[in-house]
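Hello,

Here is the structure for you to look at. My notes on what was found follow below it.

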Amino acid sequence: MFAGKMAWILKSYGQDKLSLLDFGIEHWSKNKFELSNQPIQLPKGDWTEKDTVADYNMSFEKLVEKDADGKEFIEKTSGTIF
């Protein structure tokens with residue numbers, strides 16, 4: 001759950017290039033995907049944060065508002081794209 005929360009925090013500050021590992025490390029290891037415990041050296045990036053939290057927050061009124069099909073937002077989460 002921590003990874004998902006961290007991804008949303010980064011996204012709310014303008015970082016759109018995010019990926020989450022499905023199924024966890026056990027699945028990754030079982031399928032013989034590459035794993036390493038060695039430190040990596042990444043090139044310095046040019047990303048600058050911007051506060052877009054308000055773009056991803058929703059009021060309670062909007063959350064329970066029904067659409068043309070009579071559904072609330074929470075009933076349409078299968079259509080949500082990360």
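Phe 2, Met 6, Ile 9, Tyr 13 and Trp 47 together form a nonpolar patch on the surface, and the accessible area of the five comes to about 520 Å². Please keep in mind that this is a predicted model. One member of the patch, Ile 9, sits in helix H1, which covers residues 2-12. Ile 9 has a relative accessible area of 42%. A patch residue needs over 30%, and Ile 9 counts as partly exposed because its value lies between the limits of 20% for buried and 50% for exposed.

Helix H1 also has a buried side. Its buried residues are Ala 7, Lys 11 and Ser 12. Viewed down the axis of H1, these residues fall within an arc of 130 degrees, so they line one face of the helix. What do the buried residues of H1 pack against? Their partner is helix H3, residues 53-56. On the face of H1 turned away from the buried side are the exposed residues Phe 2 and Lys 5. Phe 2 is also one of the residues in the nonpolar patch.

Two backbone angles are worth a look. Gly 14, just after H1, takes a positive phi of about 100 degrees. Lys 32 has a phi near 60 degrees, which is a positive value in a residue other than glycine. Most residues other than glycine have a negative phi. Lys 32 is placed in the loop between helix H2 (24-30) and H3. Is Lys 32 buried or exposed? With a relative accessible area of 74%, Lys 32 is exposed.

Next, the charged pairs. A search of the whole structure finds two salt bridges. One joins Glu 65 and Lys 62, with the closest N and O atoms 3.4 Å apart. Glu 65 is partly exposed at 45% relative accessibility, and Lys 62 is partly exposed as well, at 46%. The other salt bridge joins Lys 66 and Glu 72, where the closest N and O atoms are 3.6 Å apart. In this pair Lys 66 is exposed, with a relative accessible area of 51%, while Glu 72 is partly exposed at 22%. The cut-offs matter for both residues: Lys 66 counts as exposed because its 51% is over the limit of 50%, and Glu 72 does not count as buried because that would take a value under 20%.

Last, the chain as a whole. The protein chain holds four helices and zero strands, so the order of elements from the N terminus on reads α-α-α-α. Its radius of gyration is 18 Å, whereas a compact globule of 82 residues would have one near 12 Å. Along the principal axes, the C-alpha atoms fill a box of roughly 50 × 35 × 20 Å. Of the 82 residues, 7% are buried. The accessible surface comes to about 7,900 Å², and carbon and sulfur atoms account for 56% of that area. Among contacts with a separation of 6 or more, 50% are between residues 24 or more positions apart.

Regards

How values were computed:
Residues numbered from 1 in each chain as written. Predicted model: local features only at pLDDT ≥ 70, side-chain atom pairs only at ≥ 80, totals over all residues. Heavy atoms only, no water. Patch = residues over 30% accessible without salt bridge, like charges linked within 9 Å, V, L, I, M, F, W, Y side chains within 5 Å. Areas by Shrake-Rupley, 256 points an atom, 1.4 Å probe, with all protein chains shown as cover. Salt bridge = Lys/Arg side-chain N within 4 Å of Asp/Glu carboxyl O. Helix = DSSP H or I, 4+ residues; strand = E, 2+ residues; numbered from the N terminus. Buried < 20%, exposed > 50% of the residue type's maximum accessible area, 1.4 Å probe, protein only. Rg over C-alpha atoms; globule rule 2.2 N^0.38 Å. Contact = heavy atoms within 4.5 Å. Arc of directions from axis to C-beta.
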